[in-house]
Amino acid sequence: MYSVDIYSRVRRACLKDGMSAREAARYFNKDRKTIAKMLRHELPPGYRRSEAPRRPTLDDYVGIIDEILRTDKTLIKKQRHTAKRIYERLRAEHGYTGSLTTVTYYVREQKRRTKEVFVPLSHRPGHAQVDFGETLGVIGGVECKIHFFVMSLPHSDAVFVKGYPAETTEAFCDGHVSAFAFFGGIPQSILYDNTKIAVARILGDRTRVRTRRFTELQSHYLFDDKFGRPARGNDKGNVEGMVGYTRRNFMVPAPRYDSFDDLNAHLEQRCLERQSDKLRGHSQTIGQRLISDLDALMGLPVAEYEACDHVSTRATSISMVRYRSNDYSVPVAYAHHDVHVRGFVHEVIIGCGNEVIARHQRSYAKADMIFDPLHFLPLIEQKVGALDQAAPLQGWDLPDVFATLHRLLEARMGKPGKREYVQVLRLLETFEMDVVQGAIQHAIDLGAIGYDAVKHLVLCRVEKRPPRLDLDFYPYLPKANVGTTRPASYMSLMGGTAA
């Protein structure tokens, strides 16, 4: 291919200085066809193929290659054929004798032709997209996977992010409630992928059957829902991009926080700071463009949606209720009763009828048992022999004075002392730990070791009055009988005989 410089010299000589093509061919030592071509084109046109390349060796195998490429589209990317693998199969299975290069060129061209082409979209104000992402982090000193909820407003590119221990129904609902509160309104429509949290199944005509919990959420906030095509993330490309952006910019390096509340406070602050950014192709900041989005949002309802999962079940004979593969305790009075469980992101609340009977911190482990020791004290008081082996009391972090009281009561009274110790523990059902702890220490200092004394001292602390302890009310204390000493008895000390 000739340079632009020679094109310029030939064209100037012929078109400006009047040199003929024949003379230019002699002068520049070029073929007349080349001179004619230079006069037709301002710049070197490059190589132009006049007809499609012929592949006589490959033509008989094109159908086989096309079928392999069509089948590959139904497989995951890591299991699709490379051009080299197609070449090996053609040789081994079909007797192909051509070269690898020919197969490579054909496969490359076919993949290029079948790649999907997308239409640039324009987003109206007041509409949102939602998705979940994952990353690793350290929460409370434990390395774990963080699932983060992302809601974006494509018109302004504003985003809201919140992290959760797992991608659950309650996290999905809580993410919506928090996002609506963050933006101060409800989007007119929200675009989702086909998550099982929202879509129970897809019918043959592509109609979605919504889950009960998602239907409740939608009925409460009255937004329209839209769903992308299965396995087509580009249908909600804005939020897909935001998932990657927030992971790279908000959670690198890996977040380390004492709790998810601390993590989410950080993420919310980063979302607010980002609103001052000005993106490529826009003359206004995200916050300035967000005004149009906020004006188009619907107002929030008076009552906030209760973002939790609901399960009806029954308490077992050991006063435990199973929820999401973990067991949570209830008071022993409700064993064998039908109960209702509300599973929030960080809390499990158990009720019976209209009464809340237990609250526990949510566990995301498997086959875990979460006890509240106070639930079992009435039963242990009756079956006091189980005190030392009761699983609900193992690992109960009590102040040292409780162990001291337990040891003294059992040493002085035996089995009744165990029962009195359980009765002391039951004071925690009504009174604060620091009040009971102070009363026990006071009782030990006075030498009044017993349930009645501790209870009296607790009440005195609560009512702010001085204690009045009367040891006559403690019949189990050993009595000392001291006889009257006769003067004659001293004679034995002097070696004499008693009278």
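**Exercise 1. Work out whether E381 is buried or exposed, and what surrounds it.**

Start with the cut-offs: buried means under 20% relative accessible area, exposed over 50%, and partly exposed in between (1.4 Å probe, protein chains only). E381 comes in at 17% relative accessibility, so it counts as buried. Next, place it: E381 sits in helix α12 (residues 377-382). Helices (H or I, at least four residues) and strands (E, at least two) are DSSP runs here, numbered from the N terminus. Last, look for contacts, meaning heavy atoms within 4.5 Å. Skipping residues up to four places away in sequence, E381 touches R419, V422, Q423 and R426.

A word on the ground rules: this is a predicted model, where local features need pLDDT of at least 70, side-chain atom pairs count only at pLDDT 80 or more, and totals for chains, interfaces and linings use all residues. Residues are numbered from 1 along each chain as its sequence is written, and side-chain values use heavy atoms, with hydrogens and water left out.

**Exercise 2. Find which face of helix α2 is buried, and what it packs against.**

List the buried residues of α2 (residues 21-28): A24, A25 and F28. Seen down the helix axis, these fall within an arc of 105°, so they line one face of α2. That arc is taken from the directions from the helix axis to the C-beta atoms. The spacing fits a general rule: an α-helix has 3.6 residues a turn, so residues three or four places apart point the same way. Now flip the helix over: the face turned away from the buried side carries the exposed residues R22, R26 and Y27. As for partners, the buried residues of α2 pack against α1 (4-16) and α3 (32-40). Just after α2 comes N29, with a positive phi near 60°.

**Exercise 3. Sort the residues of strand β7 by face, then find its pairing with β4.**

In a regular strand the side chains alternate between the two faces of the sheet. In β7 (residues 224-227), D225 and F227 make up the covered face, while D224 and K226 are on the uncovered one. For pairing, DSSP must find at least two bridges between two strands. β4 (residues 189-192) and β7 pair in the parallel sense over four bridges, and the bridge partner of S189 is D224.

**Exercise 4. Identify the residues with the most contacts in the largest nonpolar core.**

A nonpolar core is a set of buried Ala, Val, Leu, Ile, Met, Phe, Trp, Tyr and Cys residues joined through side-chain atoms within 4.5 Å. The largest has 49 residues, and M151, V161, F172 and F223 touch the most other members. Helix α7 (residues 169-183) supplies the largest share of this core, eight residues. A second, separate core of 30 residues includes V384, L393, V424 and I449. Back to F223: leaving aside neighbours within four places in sequence, its contacts include F180, I190, F214 and M298.

**Exercise 5. Count the disulfides and explain why C271 forms none.**

A disulfide is a pair of cysteine sulfur atoms within 2.5 Å. By this rule the count is zero. Take C271: the closest cysteine sulfur, in C144, is 19 Å from its own, too far for a bond. Burial is a separate matter: C271 counts as buried at 2% relative accessibility, and C460 is buried with a relative accessible area of 5%.
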